[in-house]
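Thanks for making the time this morning. I would like to walk you through one structure, slowly, for those who have not seen it before.

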Amino acid sequence: YSVAILAQANLAQTIGVSVLFRSSWSVMAAVMDKVMPVVGGLLGLWAASKVLPVMYRWELIPGVGSPAYWERANKINYHHYSEGIVYSPYDTGDPIREMPPECAGKMYLRQKGGGWKLQSEM
């Protein structure tokens, strides 16, 4: 008889604990549904505060130029195309004034009658 009472007490205790656990779990899940988007947003703002200044300095944001970009852009003189300066994709500060030998005769020219030919073929 005492074993049956103990078994019932253990069963009731187990059921009570699992119901309590389930109810606290659902409360915790409901709280997390509200808290985690805020935590994610704050984490995103922190990451943006670290990344955006670097992107601004390196001119990685389309349509936005840093002060260093505008300072350098104002110094570029685009009127040298008739004076034999070859524009380089890399700005070294001293313009290239001679055509590199590997580029000589490689200009692709449009013909009067239509079509295209290399300068070396003419």
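Among contacts in the protein chain between residues at least 6 apart in sequence, what percentage join residues at least 24 apart? The figure is 0%, and I should say at once that what you see is a predicted model, so please take every value as computed from that model.

Let us go through the chain as a whole. The protein chain has two helices and two strands, and if you follow the elements from the N terminus on, you meet them in the order α-α-β-β. Of the 122 residues, 2% count as buried, and the accessible surface comes to about 11100 Å², with 66% of that surface belonging to carbon and sulfur atoms.

Now to the surface itself. Val-27, Met-28, Val-31, Met-32, Val-35, Met-36 and Val-39 together make a nonpolar patch of about 580 Å². To take one of these residues, Val-27 lies in helix α1, and with a relative accessible area of 52% it counts as exposed, because the cut-off for that word is over 50%.

My last stop is the loop between α1, residues 2-57, and α2, residues 67-75, which is where Glu-59 is found. Glu-59 is not a glycine, and yet its phi is positive, at about 55°. For context, most residues other than glycine have a negative phi. Is Glu-59 buried or partly exposed? With a relative accessibility of 35%, Glu-59 counts as partly exposed.

Key: Residues numbered from 1 in each chain as written. Predicted model: local features only at pLDDT ≥ 70, side-chain atom pairs only at ≥ 80, totals over all residues. Heavy atoms only, no water. Helix = DSSP H or I, 4+ residues; strand = E, 2+ residues; numbered from the N terminus. Buried < 20%, exposed > 50% of the residue type's maximum accessible area, 1.4 Å probe, protein only. Contact = heavy atoms within 4.5 Å. Areas by Shrake-Rupley, 256 points an atom, 1.4 Å probe, with all protein chains shown as cover. Patch = residues over 30% accessible without salt bridge, like charges linked within 9 Å, V, L, I, M, F, W, Y side chains within 5 Å. Salt bridge = Lys/Arg side-chain N within 4 Å of Asp/Glu carboxyl O.
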